[in-house]
Amino acid sequence: MKPVFPYPTILGDVLCDVVSVGVDGKSLPYTKVSLAERVVALHQSGRAEWEEAVLDLKAALPDEELAGGPWRDVTCLAVLTEKATNARTTARLHRAPDGSLTGSIALSRTAHLRRATLSLMVVATVDGVPGRLIGSCEQDWYVDLEEATPVRQREIEIVEVDFRDGPHEWLRPFKESPWIVETSGDMPIVYLNTSAVEGLMEVLGGRGGSPAEKMLREMTASQIAQDAWTAMFHTAVSDLDVDEDGTPVMPAGWRESVLRSMLPDVLPGRQLTDALYEIDERRTKGFGWSELQTSIQYAAGRRAQITKKLTHAVRAVDRAERSAD
């Protein structure tokens, strides 16, 4: 997404592709790079203990627009980041004979843990100020160190653990909670408490069963999903990066997916850029933030299909009562 800037930015498309990947000097198999998903999968790359992956890049800019615009000293930068390690690597792309921009960026194994984000930034001198961001790729690439298959979307991880006597000491204060949603990492995790409600794990993990058991399973799953969506949204908006002018920038990974999905319901009628700016203003400055909680709850409930599942449950109870009569 292109944020709103108080200076001229390019309207044309900024494109970037990973054309090849080398791991410790050896070519990564073609099946590990997905142009459609825009993902590079480095797990099981052929070397268990690799040290460095080098990504060869090719980019295209709207050259006609740039030539006629107010921008000077235009530079194209590839930026590789990962929030889990606070790693950041930058490489400059250079003009090739065919007019495209090419370059390489290195990913050090010791600097990354799970999934790095590869972005393409176009910076230039605008109104006498150098280094201003004037464009970027609409969709980032991901470099996944834990996946063997280049898949963009990953599901929320579900972990069953005893909060009371299990291995995670930090969960013990929540020993009476049936589940906890943890969103501080690169992938949200729902921890299900195996000792809070007897038989709950069997119900959630089962298939079929009595109508009452099916209702319980569906309603519990929907409630967990609503809690997860709510927690993910709050984490996503509380961890926004800003550019040099203080404009919030859409995050990457699951945070981007959550915001793109929920913002139209939280702030209906706004463009995505405007909604992101307003949500950041309300959260950081306090005005109107509490009033938004109802909309956030509504948006999370829609994605968890609370109304649909509750309707099925009510109808099932009604049918059961009629049969009993």
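This section describes the overall architecture, one pocket and several individual residues of a predicted model.

The chain of the predicted model contains 7 helices and 16 strands. Its C-alpha trace extends over about 80 × 50 × 35 Å along the principal axes. Of the 325 residues in the chain, 43% are classed as buried. Among contacts with a separation of 6 or more, 66% involve residues 24 or more positions apart.

The second largest pocket has a volume of about 210 Å³. Its lining consists of Ile 156, Ile 158, Glu 160, Val 190, Leu 192, Leu 204, Gly 205, Ala 221, Ile 224, Ala 225 and Ala 228. Strands S12 and S14 and helices H2 (200-205) and H3 each contribute at least two residues to this lining. Helix H3 provides the largest share, with 4 residues. In terms of residue class, the lining of the second largest pocket comprises 9 nonpolar, 1 polar and 1 charged residues.

A search of the whole structure for aromatic pairs returned 1 pair. This pair is formed by Trp 170 and Tyr 191 in an edge-to-face arrangement, with 5.4 Å between the centres and 85 degrees between the planes. The assignment as edge-to-face follows because planes over 60 degrees apart are placed in that class. The pair joins distant parts of the chain, the two residues being 21 residues apart. Trp 170 is located in the loop between strand S12 (157-161) and strand S13 (179-182), whereas Tyr 191 belongs to strand S14 (residues 189-193). The two partners also fall into separate accessibility classes: Trp 170 is partly exposed, at a relative accessible area of 39%, while Tyr 191 is buried, at 9%.

Helix H3 (residues 211-238) also contains Thr 235. The relative accessible area of Thr 235 is 17%, and this residue is therefore classed as buried, the class being defined by a value under 20%. A polar contact of 2.4 Å connects the side chain of Thr 235 with the side chain of Thr 183. When neighbours within four places in sequence are set aside, the residues in contact with Thr 235 are Thr 183, Trp 254 and Arg 255.

Asp 265 is situated in helix H4 (residues 253-266). With a relative accessibility of 14%, Asp 265 is buried. The side chain of Asp 265 forms a polar contact with that of Arg 302, at 3.0 Å. Arg 302 is also among the residues that Asp 265 touches once those up to four places away in sequence are excluded; the others are Ser 295, Tyr 298, Ala 299 and Arg 303.

Thr 294 occurs in helix H6. Unlike the buried Asp 265, Thr 294 is exposed, with a relative accessible area of 56%. A distance of 8.6 Å separates the C-alpha atoms of Thr 294 and Val 266, which are 28 residues apart along the chain.

Ala 275, a residue of helix H5 (residues 272-285), has a relative accessibility of 1% and is accordingly classed as buried. Apart from residues up to four places away in sequence, Ala 275 touches Leu 263, Leu 267 and Arg 270. The C-alpha atoms of Ala 275 and Gln 44 are 40 Å apart, with these positions 231 residues apart along the chain counted as their separation.

Positive phi values in residues other than glycine were noted at two loop positions, Asn 86 and Gln 305. For Asn 86, phi is near 60 degrees. Asn 86 lies in the loop between strand S6 (72-82) and strand S7 (87-95), and at 71% relative accessibility this residue is exposed. For Gln 305, phi is near 55 degrees. Gln 305 is placed in the loop between helix H6 (293-304) and helix H7 (306-324). The relative accessibility of Gln 305 is 36%, and the residue is thus partly exposed.

Methods: Residues are numbered from 1 along each chain as its sequence is written. This is a predicted model: local features need pLDDT of at least 70, side-chain atom pairs count only at pLDDT 80 or more; totals for chains, interfaces and linings use all residues. Side-chain values use heavy atoms; hydrogens and water are left out. Rings of Phe, Tyr and Trp (its six-membered ring) pair if their centres lie within 6.5 Å; planes under 30 degrees apart count as stacked, over 60 as edge-to-face and the rest as tilted. Buried means under 20% relative accessible area, exposed over 50%, partly exposed in between (1.4 Å probe, protein chains only). A polar contact is a pair of N or O atoms within 3.5 Å; within protein, one must be able to donate a hydrogen and the other to accept it, and residues adjacent in sequence count only if both atoms are side-chain atoms. Contact means heavy atoms within 4.5 Å. On a 1 Å grid over the protein atoms alone, a cavity is a set of points where a 1.4 Å probe fits but cannot get out, and a pocket is an open set with protein on both sides within 12 Å along at least five of seven lines; lining residues have an atom within 4 Å of a point. Grid points are joined across faces, edges and corners, and a volume is the space filled by probe spheres set on the points. Ala, Val, Leu, Ile, Met, Phe, Trp, Tyr, Cys and Pro count as nonpolar, Asp, Glu, Lys and Arg as charged, and the others, Gly among them, as polar.
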